[in-house]
Amino acid sequence: MNAPISADQMRALLLDTPLSHDPDPAETAEWRDAFLALAQAHGPQRARQMLAELARLARQQRIGWQPELATPYVNTIAVEDQPPFPGDLAVEEKLASLMRWNALAMVARANQAYGELGGHIASYASAADLFETGFNHFFHARKDSGEGAHRGDLVFFQPHSAPGVYARAYLEGRLGEEDLKHYRQELTAPAFTEGSGARGLSSYPHPYLMPDFWQFPTGSMGIGPISSIYHARFMRYLTHRNLLDCEGRKVWGVFGDGEMDEPESMSALTLAAREKLDNLVWVVNCNLQRLDGPVRGNGRIIDELEKLFAGAGWNVIKLVWGSDWDGLFAQDASGALARVFAETVDGQMQTFAAKDGRFNRDNFFGQNPELARLAEGMTDEQIDRLKRGGHDLVKIHAAYAAAAAHKGRPTVILAHTKKGYGMGSAAQGKMTTHSHKKMGDVDLLEFRDRFSLPLTDAQAIAMDFYRPPEDSAEMQYLRSHRAALGGAMPRRETACEAVPKPDIASYAQFATAAAGKEMSTTMAFVRMLGNLLKDKALGPRIVPIVADEARTFGMANLFKQVGIYSSVGQRYAPEDIGSVLSYREATDGQILEEGISEAGAIASWTAAATSYSVHGLAMLPFYIYYSMFGFQRVGDAIWAAADQRARGFLLGATSGRTTLGGEGLQHQDGSSHLVAATIPNCKAYDPAFAGEMAVIVDAGIREMMVEQKDVFYYVTLMNENYAQPDVPQGAEAGILRGCYRFGVYGPISGKAKKKVTLMGSGAILTEVVKAAQLLADEGIEAEVFSVTSWSELARDGLAFEKRAIAGEKEVGVPFIAQQLGAGKGPIVAATDYVRAVPESVRAFLPGGRRYLTLGTDGFGRSDTRAALREFFGVDAASIANAARHALG
């Protein structure tokens, strides 16, 4: 509550919610008086005990009752429980006002000049005080040594508020005025065009674009919330495995109330509570407005979120009203304020935010005589300046302090704010607020006056940036508080020790020298992974991740070898305890088995894949999953991981449209390589053989752990057993670049009248080889190429083409043209993916040769592999027939 609740106020609230039909009002009154007397005499702890006992009895008697999860629409933290504010309130309010101004000026100047750049003012205007309280008192930056050493907190910033973070960096001297002038102008900024000078500032938090600044990409709504949960859990994982002590560090997330509609925002709430992640704090900026209007126009989003988070097991702190309301609540013996708030929906609350003090006097306080009396001694201006909780630094600090100290559960702070706060009649609370990017002269002057900014009329109208003198109290305060918390942030760092790679023979000789042994590439990968986990240097850094499919992929043998991570160990004897492959959970378990949640698994993978930057500790995640449920299902999360410069392996198992025979349409992947090719720092491979896959994995380990390159690998695997050949001598370079000559079938070279080149990848390469043998029996010479990566071949060709267009001399020939240059006749390419995948290299083939592509376009079906391949036209007979057709 905002103030202590007296017995009279509590009685008024209780009497205001009568039973729908009370057969004995006198008895009801006795119960009420008895409870109030108990609370007054013995305190809230005893009152809670009694309520818990009554609830237990009700369940025991099967009464069918449970308490309402929503509490009154007032602050959770009572006035008497607020800690003293540890800072200089006047200085912090002035600093927040300067941040607001510079953020506004940055966006408005850009749109005044170009009109098409966009940007957001109103979101940061609502969240500025929430950010500033964190920056001044709670957000620890990484400081590796010395006094105040700290590994650093993780902070996820509401993406539309990025201008405010830039504005703070400007005051700190990390960004200059010219940088701010190039907001959303990354390509025209001098640093891009000339190699030095002003840098362009990205629209939202993008680590890929500003790799020394932003840590976490949050611009795709919902990705930030789920990512923050799994980062918090991964910190516990590192601690429990004795790899890195993460105690004392927090994960803070500032998100929007409209963002909570995203399924990813809500999907892992129970995991956070189940894992008791008290290192996690969410601040939900409840400005009650989405892009087009109110979040819950006919309801109250704060009430809804309170029920949701409380039901999921979170600690909920409601930060609804500012300090100016404390006196009003204290005067309100009848509970009139709480009753009216309980009846006011968000759509109406937005209207109150958009209107002035006179309107609110007449339409809010004028609702009944009791409210009118509370406002009698206030001017219209005082009413207009009544703050919501998310704009009161004292209240925010109290909420943050309580959240930081809470043990045993994650905490969410539901902070009530006004969208466009301080933007007056131009944008505060308006339906069009989110899209408001320009300010008129009058609006700018009003904003200046509203926040008492030290700007002349001319400076305000010109939207000049303002930074106080270095020796001013404000600048000294700013710097001293950040110094005490480890320095400026956000700040992305990449320094970490390289991890040596074991020799490929030590873990994959069975694959590179397979000598015709039958196995699937999935089984070969699992065997490789088991061997890698035994390596003393690299093994502990590996993070195997599955989404409840470990047994499907043959990984059960790893349960005993390294265990499944559980923060509480294993509190039961598993059903299969006597089995060699029994299920084993352990506090120091290495496998992350995420249940049936691809979104959760990719969030875990991202946390591990960015550990080198976030924690200064290189980890190597291997996430194996049904390939259909990767890029198609969580592609946006994979793209966000790419933005964050992730390093790790994604293994798309049972890949292709014909490999997973009986499963049918939804499980058969024909497009993941097409999507993977769109991500610049993703290297995608579709190896046909275990040896090829081993060479690719070995190269990935070297690139990511030794050379520390910002790339990640997508490798598709099959569950089909067939004979595995040795890796041909000298083929490694071709495997990594995208293709190599696998063999030639047919008459002795030079004797065949007809020649054809066949290309294949993944599961279909075996069909290509069979087709070559069919053609050879007919006297046609068939040269076979194993394509391990269509996308790497296409990228190489595009790079060649770009150099040629630029007029460079001696640009050479694309790699695929080099490989196929000695061949003759038509070229036929076949894959288990849509034809667009092999079509991607058409422009880079040797000239004058016909090119036919075969793929699995359309929806999948349930049947045998042979029937599916015949249906899609990628079986040996179809490939041979296509070659005959091409030969004419």
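## Salt bridges, an annotated site and an enclosed cavity

Glu 703 and Lys 709 form a salt bridge, with 3.7 Å between the closest N and O atoms. This is a predicted model, and that pair is one entry in its list of salt bridges, which comes to 50. The two partners sit in unlike surroundings. Glu 703 has 7% relative accessibility and counts as buried. Lys 709, at 39%, counts as partly exposed. The cut-off for buried is under 20% relative accessible area, and partly exposed runs from there to 50%.

Turn next to helix α33, residues 790–805. Glu 792 and Arg 795 both lie in this helix, three residues apart, so about one helical turn separates them. They form a salt bridge whose closest N and O atoms are 3.2 Å apart. Glu 792 is buried, at 14% relative accessibility. Arg 795 has a relative accessible area of 22%, which makes it partly exposed.

Some salt bridges join parts that are apart in sequence. Glu 132 pairs with Arg 168, and the closest N and O atoms are 2.6 Å apart. Glu 132 belongs to helix α4 (residues 122–137) and Arg 168 to helix α5 (residues 162–172), so this salt bridge ties together parts 36 residues apart in sequence. What of their exposure? Glu 132 is buried, at 1% relative accessibility. Arg 168 is buried too, at 1% relative accessibility.

Salt bridges can also link up. Arg 142, Asp 144, Arg 151, Arg 491 and Glu 493 are connected in a network of them.

Now move to the annotated site. Which residues does the UniProt annotation "binding site" cover? The record, an unreviewed entry, lists Asp 257, Asn 287 and Gln 289. These residues are spread over 33 residues of sequence, yet they cluster in space, with a largest C-alpha distance of 7.8 Å.

Take Asp 257 to begin with. It is found in the loop between β2 (251–256) and α9 (263–266). At 1% relative accessibility, Asp 257 is buried, because the cut-off for that class is under 20%. Leaving out residues up to four places away in sequence, Asp 257 touches Val 284, Asn 285, Cys 286, Asn 287, Leu 288, Gln 289, Val 295, Ile 301 and Leu 305. Both other annotated residues, Asn 287 and Gln 289, are on that contact list.

Asn 287 lies in another loop, the one between β3 (280–286) and α11 (301–312). With a relative accessible area of 5%, Asn 287 is buried. Its contacts, again leaving out residues up to four places away in sequence, are Ser 126, Asp 257, Thr 417, Lys 418 and Lys 419.

Lys 418 leads on to the cavities. Rolling a probe the size of a water molecule over the atoms shows where empty space is left. Here the count is nine cavities of 30 Å³ or more. The largest cavity has a volume of about 200 Å³. Its lining is made up of 16 residues, and those nearest its centre are Trp 325, Phe 352, Asn 360, Arg 388 and Lys 418. So Lys 418, which touches Asn 287, also helps line this cavity.

Which helix gives the largest share of that lining? It is α14, with three residues. Both α14 (346–354) and α17 (380–384) supply at least two residues of the lining. By residue class, the lining of the largest cavity holds 10 nonpolar residues, one polar and five charged.

Note on methods:
Residues numbered from 1 in each chain as written. Predicted model: local features only at pLDDT ≥ 70, side-chain atom pairs only at ≥ 80, totals over all residues. Heavy atoms only, no water. 1 Å grid on protein atoms, 1.4 Å probe; cavity = no way out; pocket = protein on both sides within 12 Å on 5 of 7 lines; lining within 4 Å. Points joined across faces, edges and corners; volume = space filled by probe spheres on them. Helix = DSSP H or I, 4+ residues; strand = E, 2+ residues; numbered from the N terminus. Nonpolar A, V, L, I, M, F, W, Y, C, P; charged D, E, K, R; others polar. Salt bridge = Lys/Arg side-chain N within 4 Å of Asp/Glu carboxyl O. Buried < 20%, exposed > 50% of the residue type's maximum accessible area, 1.4 Å probe, protein only. UniProt positions renumbered as here; feature names shortened; annotations may be inferred. Contact = heavy atoms within 4.5 Å.
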